[in-house]
Amino acid sequence: MTSTTRGDGTTSHVAGGVASTAAWSALLEHREALGASTIRELFAGDPGRSSRLVLDGAGVHADLSKHRATAETLGLLVRLARERGLPERIDAMFSGARINTTEQRSVLHTALRIPRGESLVVDGVDVVAQVHQVLGRMGEFCDRVRSDQWRGSTGRPIRAVVNIGIGGSDLGPVMAYHALRHVSRREIQFRFVSNIDGTDMVEATRDLDPAETMFIVASKTFTTQETMTNALTARSWLVNGLGPDVDVAKHFVAVSTNEAGVREFGIDPANMFGFWEWVGGRYSMDSSIGLSLMLAIGPAAFADLLAGFRAMDTHMRGTDLQGNLPVLMGLLGVWYRNFFGSQSHAVLPYEQYLDRFPAYLQQLTMESNGKSVTLEGAPVGVDTGAVWFGEPGTNGQHSFYQLLHQGTTVVPVDFIFFAQPTNDVGDHHDKLIANVLAQANVLAFGRTADEVRAKGVPEELMQHKLMPGNRPSTTLMLDRLTPYALGTLVSLYEHLVLTQGVVWGIDSFDQWGVELGKEMAGELLPALIAHDVPDLSAFDASTAALALRYRALRGR
């Protein structure tokens, strides 16, 4: 093993990739030794397993006992993380080192939740002071809107807020709003537009009153095609509804760093809220990108959200790896992806308000770790990010759980539930929790032939009723869905992503894979709308044929 210094100043302890490490070899041997051992057998051979393979972090209770893993497995995975330099990488991220090496940027979403009065100096600038200056302006703005001091151009208060963004400028705010609607100001409607498909904007605005509507345009550069197309359409909708003399600045605010573009659009730069290059889009919901959320739940609740983020950050940075919840969950993901061949991962929240949480995690995990080259530009050599999916329980039970239980593919699962109901209605919550506990049990232990016979099932149906079990899961239990609890969950998965990226040796904070498609769309658009027959020789025959057929159907 050798040590090399990366461009961000941190040290890689391994040459040749993760598969060349001693810990990786030890894990391969351990996997072979485990063989076909089942979760049922692991429980039978270790009576204390259900109390030892649990841990708590930042108010999250995690049961890791229903995994195809032992204490030795976790020890070897932690050894792998140490060999890959995870502790040093964690410190580098929190201190502001440029660990996003392909873009030469710091990765400081954790600075967004450092308390006022503390300091973190990066390149000679106290970033914490900058963060709280923006948070203060956001709070003052939100108080004005929520107290009806802010008035639209006709003098009426705001009763609808439409957030226009895409990717991290949409998924985070919409997920968090859905999760925290129960603490939002219900007199104000909140809508979210992201898709360039005109239907998205039409449906978001069709029943709104322009005189009472505010738009938040969230685009760092103020040039993002989808966002700016929708923003221009929103401005036209406003002008059509209120007349050409409407004061656009009373209905639009911006989350951006492009002051000239914001001003040109008609937004007062005093109502522009900035953020920084060291905040990646999918990590930005607790920055000014969360302005719509702060408008919904208020500055105090937003501060509670940040406190939840911070609590898990503190756990991540201050807890040794073997008791570190995000680290162990991330390492178990590596265990199944690379040593069992699992290609997907399900997140199943038993809380209706978390209906958009799986979609949010799709971007967080798949955009971060869907990479095939290392930080040094070499092939990774092993499988990386899994396909993440999920739906809230119990809806998913009547959808894709059949595959989870009896399919040919093993899918690791995260169950999430809350002990206290958000809306306490009859016995609904007890039935909900009975379901989540039952699903985790059946996935792990299944039902044997003898157990099926004991239920009186006829022999001809025996094979159909067998449940193989041995399907791994993590169960996360929290007390109640609050802004604080949501912050801990999001931070947990952020740090899970970092853990896996460090093990695989990839840059979890760039997203070059989304760029080429956008670039080519820009090249194709003129050909689709040209009056004359376009020259499509630069494109493949299939694309050219489809473009010509589209033009014909559009009468061009």
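**Figure 1. Helices α12 and α13 cross with their axes within 8 Å of each other.** In this predicted model, helix α12 spans residues 299–318 and helix α13 spans residues 325–339, and their axes cross at roughly 75°. Angles of 65 to 115 degrees count as roughly perpendicular, so α12 is roughly perpendicular to α13. On the α12 side, the contact is made by Met312, His315 and Met316, and on the α13 side by Leu325, Pro326 and Val327. Sorted by class, this contact of α12 with α13 holds five nonpolar residues and one polar residue, with no charged residues. Two packed helices are described in general by the angle between their axes and the distance between the axes.

**Figure 2. The largest pocket has a volume of about 1100 Å³.** This pocket is lined by 40 residues, and the closest to its centre are Thr224, Gln511, Val514, Glu515 and Lys518. Four helices give two or more residues each to the lining, namely α7 (168–179), α9 (225–242), α14 (357–369) and α20 (515–529). The largest share, four residues, comes from α20. By class, the lining of the largest pocket consists of twelve nonpolar, 18 polar and ten charged residues.

**Figure 3. The second largest pocket has a volume of about 370 Å³.** Its lining is made of 14 residues, of which Gln352, Asn423, His428, His429 and Leu432 are the closest to the centre. Within the lining of this second largest pocket, five residues are nonpolar, eight are polar and one is charged.

**Figure 4. Six strands form an open sheet with mixed pairing.** The order of the strands is β3-β4-β15-β14-β12-β13. The edge strands, β3 (54–57) and β13 (387–389), each pair on one side only. From one strand to the next, the twist averages 20°.

**Figure 5. Strands β4 and β15 pair in the antiparallel sense.** Strand β4 covers residues 60–63 and strand β15 covers residues 473–478, and the two are joined over three bridges. His61 stands opposite Met477 in β15.

**Figure 6. Helix α14 lies across three strands, β12, β13 and β14.** Strand β12 comprises residues 344–349 and strand β14 comprises residues 413–418. Relative to β13, helix α14 runs at about 165°. Strand β13 is also one of the edge strands of the six-stranded sheet, and α14 is among the elements that give two or more residues to the lining of the largest pocket.

Key. Residues are numbered from 1 along each chain as its sequence is written. This is a predicted model: local features need pLDDT of at least 70, side-chain atom pairs count only at pLDDT 80 or more; totals for chains, interfaces and linings use all residues. Side-chain values use heavy atoms; hydrogens and water are left out. Axes are lines fitted to C-alpha atoms, for helices over the stretch in contact, and angles run from 0 to 180 degrees between N-to-C directions. Angles under 35 degrees count as roughly parallel, over 145 as roughly antiparallel, 65 to 115 as roughly perpendicular and the rest as oblique. Contact means heavy atoms within 4.5 Å. Ala, Val, Leu, Ile, Met, Phe, Trp, Tyr, Cys and Pro count as nonpolar, Asp, Glu, Lys and Arg as charged, and the others, Gly among them, as polar. On a 1 Å grid over the protein atoms alone, a cavity is a set of points where a 1.4 Å probe fits but cannot get out, and a pocket is an open set with protein on both sides within 12 Å along at least five of seven lines; lining residues have an atom within 4 Å of a point. Grid points are joined across faces, edges and corners, and a volume is the space filled by probe spheres set on the points. Two strands pair if DSSP finds at least two bridges between them.
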